[in-house]
Amino acid sequence: MTKSQSPKRRSPKRPARRTPASKGRRTTSKRTRKRSSSRWRMVRWRLFQVGLLGLAVLVVWMFYLNAVVRDGFDGQRFSIPARVYSEAQDLYAGAPVSADRVEILLDDLGYRSSSRVNQPGRYRRTGQTIEVHTRGFEFWDGAEPARRLLLDFSQGSVNRVSEPDGSAVLLARLDPLFIGQIYPGVSEDRILVSLETVPPTLVAGLIAVEDQHFLDHHGISIVGIARALWANVTSGSIEQGGSTLTQQLVKNLYLSPDQTLWRKANEALMALLLEAHYDKEAILETYLNEVYIGQQGRRSINGFGLGAQFFFGSPLPSLDIHQQAMLVGLIKGPSYYNPRRNPERAIQRRNVVLRVWREAGVISQADYEHATRQPLDVSAVPGQASYPAFMDLVRRQLAEGYRKEDLLAEGLTVFTTLNPLAQNSLEQRVPAKLAEIERQHGLQAGDLEAAAVVTRPSTGDVLALLGGRKPELAGFNRALDARRPVGSLMKPAVYLAALEQGYTLATPISDAEVTVTAEDGKLWQPRNYDKTSHGTPLLMDALVNSYNQATARLGMTVGLAEVFDVIDRLGVDERPPAVPSVMLGAHGLSPMQVAQYFQTIAGNGFYTPLNAIRAVVHPEDGVLQRYDLSVENRFRPEQVFLLQEALHEVTRQGTARSLRWRLPEHWWLAGKTGTTDDNRDAWFAGYSGDRQAVVWVGRDGNEPTPLTGSTGALPVWADIMQALNPVQERRGQPANVEWLPVNAQGAVVSERCDGARPVPFIKGTAPNGRSRCDAGADTQTEGEEDDSWWQRLFN
């Protein structure tokens with residue numbers, strides 16, 4: 001066997017080394033521990049990274065929340081729209097207001113009739129005496145204090161104003177009626193109060209009920225949270241919130257009411273930040289003004305200042321202990337414990353609050369027993385009026401001088417000229433009279449619409465405004481925006497232009513048919529309402545009887561330019577088209593424009609812009625603007641006096657003569673009816689004493705009606721005036737005006753002549769000499785001098 005063929009030699013096998021079991025386990029455990037340690041280091045690192053990232057996010061988020069808290073609290077905490085108030089009722093000996101009307105006004109203002117006049121906002125009437133505890137008010141021209149007054153009335157006016165001790169009071173004012181807000185961007189409403197003016201029992205009682213540890217914690221209460229958590233877990237439902245006053249304030253100011261962990265976390269963080277930056281007094285004062293305690297329609301009642309007036313009709317500092325407890329009790333459930341809707345629940349809740357106050361030492365046992373025996377003492381009237389048409393006028397006037405942002409958030413106070421008694425009379429009388437007119441003329445109920453304006457002739461104040469038959473509805477304001485042909489209301493401008501040109505009220509003018517050719521070749525042929533010509537009436541009679549033909553002829557003779565100049569000076573704020581038909585009212589004006597037009601006539605020729613605002617006041621800067629009386633003399637007073645006398649004759653002998661039996665006989669009235677083609681529009685504009693009113697009646701669709709100015713608008717006007725009961729001021733007569741008797745031809749005759757009537761003349765304009773009873777103006781009676789001395793002797 002060769003070497004290459006020899007078998008391979010195998011190495012002997014070594015026996016396998018056997019590892020003990022304990023040693024293997026130690027090795028595995030060591031490796032496992034190494035891997036586990038590595039994993040924990042990785043987890044800790046990851047956790048550290050996540051924690052670091054979370055901390056960074058938290059820091060950034062805290063910076064953001066801090067900015068939100070500071071911006072909201074340092075800046076304007078509340079967006080308070082401009083609050084609008086009516087004019088205030090002056091109380092003095094001789095004030096022309098009856099006990100009945102003052103009682104109505106007190107009820108409208110939210111005063112409560114009570115057997116004891118023991119706090120502001122209470123009154124008691126006994127016959128013709130009213131004892132009232134006024135609430136006081138900060139007016140633009142000074143503060144009116146809250147005080148007790150005795151008002152004695154006699155024959156429809158105030159006879160005496162005195163203190164309870166009998167000392168006379170020269171002048172006092174009731175607080176004005178709150179009538180709304182300008183551009184309410186939010187539904188919240190409040191009256192801001194300072195912590196110093198809040199009753200101490202209410203402050204201490206609020207803390208005792210809502211957050212016992214408010215003065216000790218830093219925004220959140222661990223004890224409160226734990227207690228609420230335990231109560232919620234054991235009950236299986238959300239029974240308690242555990243929120244501090246600070247947390248409640250944060251939720252109301254910055255957050256939504258959603259019950260989520262995210263919102264609660266933000267609430268806690270922001271509460272800590274709020275307490276870090278601001279003291280307890282600032283936080284508490286803000287809470288007192290923010291807390292929600294009631295609802296009036298869409299209007300949210302926030303803060304104890306407004307709540308006191310809303311529920312009790314009294315200022316917050318004047319509330320008794322049981323009333324304060326009721327306000328605090330409402331925080332838990334404003335709707336559930338509403339004392340007007342749920343009086344039994346409200347009393348139970350109030351008494352629970354009083355018991356907490358007694359146990360916390362806020363009130364004594366005697367105070368507790370006395371307060372729990374008291375009734376709810378809630379006023380029946382919430383204390384807010386709604387006059388959307390008048391508010392529309394106020395908004396338009398404010399928009400001329402103020403930005404919308406200022407009106408939305410600056411907390412301005414706007415004092416207006418609105419007279420609550422006049423406004424309420426307007427809103428009650430007009431719909432009732434329209435319904436009566438519809439029944440009388442066989443019209444469908446609700447067929448007619450109306451608009452009305454009431455002003456004060458001496459000042460141009462707009463006292464009341466009606467934009468439609470349903471005054472409570474906002475929408476199309478017919479008093480400001482409905483431009484309807486005015487008919488014969490334009491005629492006084494024609495006659496005033498004639499008086500300026502030397503005509504007299506006794507000048508005979510022609511009422512023959514008239515035809516005018518316009519520039520385009522069209523013929524204008526006005527006709528009288530009765531389709532009859534009336535010969536040659538006196539100028540005054542043509543106006544009194546509203547003759548269209550005589551007016552058209554007079555206007556064309558005087559000149560269109562002169563007539564349109566008078567229209568402009570009377571206050572019409574737009575230029576009507578220069579066509580003859582405008583003289584008979586073929587141009588559309590709104591009731592407000594008509595009121596301005598007649599305001600100058602009622603104002604003796606002095607133009608006074610109609611105004612709805614007295615003053616605008618800023619809560620910190622004081623009076624921003626006063627709307628003082630502005631007067632411009634545009635006509636000679638004696639010429640306007642003659643026109644007024646002619647308009648007075650309209651109410652005695654002319655188209656408005658039914659006023660003689662509709663209104664008191666001793667009233668001095670002046671006015672003019674207006675009727676348009678096919679009786680589509682019925683107007684009456686006139687004045688008596690210290691009140692002027694304009695009324696329009698018609699259909700929104702401009703369809704014909706069976707009504708004229710005399711049968712449609714005049715009855716409504718008369719009802720309004722009867723309710724207003726205007727003061728019959730003594731009328732002055734210009735020194736250069738004299739009264740002379742004239743006959744039917746306009747000739748000056750003896751007052752013994754049949755049919756002779758006195759007519760006012762500007763001195764030097766009457767026909768010369770004295771005529772026979774049946775003679776014309778240019779015929780002088782022989783022996784007139786004898787008649788003159790004979791008359792002077794016996795007359």
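This passage looks at the aromatic pairs, two arginines placed over rings, and the surroundings of one glycine in a predicted model.

Start with the rings. The count of aromatic pairs comes to 13. One of them joins Phe137 and Phe415, which meet edge-to-face, with 6.1 Å from centre to centre and 90 degrees between the planes. Phe137 belongs to strand β6 (residues 137–139), while Phe415 sits in strand β15 (residues 413–416), so this pair ties together parts of the chain that are 278 residues apart in sequence. Phe415 is also well out of reach of the probe: its relative accessible area is 2%, and because the cut-off for buried is under 20%, Phe415 counts as buried. The two phenylalanines don't stand alone, either, as ring pairs link Phe137 and Phe415 with Tyr85, Phe139, Trp140 and Phe178 into a cluster.

Arginines turn up over ring faces as well. Arg83 lies over the face of Phe178, at 4.0 Å from the ring centre, and Phe178 is itself one of the members of the cluster just described. Arg345 is placed over the face of Tyr336, again with 4.0 Å to the ring centre.

Then there's Gly305, found in helix α8, which runs over residues 303–312. With a relative accessible area of 5%, Gly305 is buried. Setting aside neighbours within four places in sequence, its contacts are Ile191, Val193 and Leu316. Thr197 is 108 residues away from Gly305 along the chain, yet the C-alpha atoms of the two are separated by 9.8 Å.

Note on methods: Residues are numbered from 1 along each chain as its sequence is written. This is a predicted model: local features need pLDDT of at least 70, side-chain atom pairs count only at pLDDT 80 or more; totals for chains, interfaces and linings use all residues. Side-chain values use heavy atoms; hydrogens and water are left out. Helices (H or I, at least four residues) and strands (E, at least two) are DSSP runs, numbered from the N terminus. Buried means under 20% relative accessible area, exposed over 50%, partly exposed in between (1.4 Å probe, protein chains only). Contact means heavy atoms within 4.5 Å. Rings of Phe, Tyr and Trp (its six-membered ring) pair if their centres lie within 6.5 Å; planes under 30 degrees apart count as stacked, over 60 as edge-to-face and the rest as tilted. A charge sits over a ring if NZ of Lys or CZ of Arg is within 6 Å of the ring centre and within 35 degrees of the ring normal.
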